[in-house]
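Dear colleague,

I am handing over the structure that I have been looking through, and below it I set down what was found. Please keep it open beside this message while you read.

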Amino acid sequence: QVQLVESGGGLVQAGASLRLSCVVSDGGLPILERAWFRQAPGAQREFIASIHSSGHTTYSDSVKGRFIISRDYAQKTVSLQMNSLTPEDSGVYYCKAVAVIDIGKNRDFWGQGTQVTVSS
């Protein structure tokens, strides 16, 4: 099975930067996509950024130009560099991996999340 462990969260002031990392243990399964989501208190989990196995990246409009998603195959990590943080960026950040579990079948795997709090 695929296991994901996030790290790098914390408390920062508005305007600061933070880098999140997620170690993805693929359990031998091909990983199609790695992504970051966040969930603020009382809100639904929302998409932040993703990186496909091809290298193609996608960002939500709310973070485009401020956040950068990247991957390191050697370290089996996917990172999220977050710049110019605002209090609206606060929440629990989750790492997700989409793995191929069978022919024509994919499954989402999630990490436990890491808390990011941005003070004004």
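Let me begin with a pair of charged residues: both Arg-66 and Asp-89 are buried, where buried means under 20% relative accessible area, exposed means over 50% and partly exposed lies in between, with a 1.4 Å probe and protein chains only. Salt bridges that share partners join these two with Arg-38 and Glu-46 into one network, a salt bridge being a side-chain nitrogen of Lys or Arg within 4 Å of a carboxyl oxygen of Asp or Glu.

Before going further, please note that this is a predicted model, in which local features need pLDDT of at least 70 and side-chain atom pairs count only at pLDDT 80 or more, while totals for chains, interfaces and linings use all residues. Residues are numbered from 1 along each chain as its sequence is written, and side-chain values use heavy atoms, with hydrogens and water left out.

Within the network, Arg-66 and Asp-89 form a salt bridge whose closest N and O atoms are 2.8 Å apart. Asp-89 also meets the side chain of Arg-38 in a salt bridge, at 2.9 Å from N to O. Because Arg-38 lies in strand S4 (residues 31–39) and Asp-89 in the loop between S8 and S9, this pair ties together parts that are 51 residues apart in sequence; strands here are DSSP runs (E, at least two residues), numbered from the N terminus. Arg-38 is buried too, with a relative accessible area of 4%, and the value for Asp-89 is 1%.

The whole structure holds five salt bridges, and one of them joins Asp-61 to Lys-64, with the closest N and O atoms 3.3 Å apart. In contrast to the buried pair of Arg-66 and Asp-89, Asp-61 and Lys-64 are exposed.

There is also one disulfide, which is a pair of cysteine sulfur atoms within 2.5 Å. It joins Cys-22 to Cys-95, with 2.2 Å from S to S, and since Cys-22 lies in strand S3 (residues 18–25) and Cys-95 in strand S9 (residues 91–102), the pair ties together parts that are 73 residues apart in sequence. Cys-22 is buried, with a relative accessible area of 0%, and Cys-95 is buried with a value of 0%.

Finally, four strands form an open sheet in the order S1-S3-S8-S7, with antiparallel pairing, two strands being paired if DSSP finds at least two bridges between them.

With best wishes
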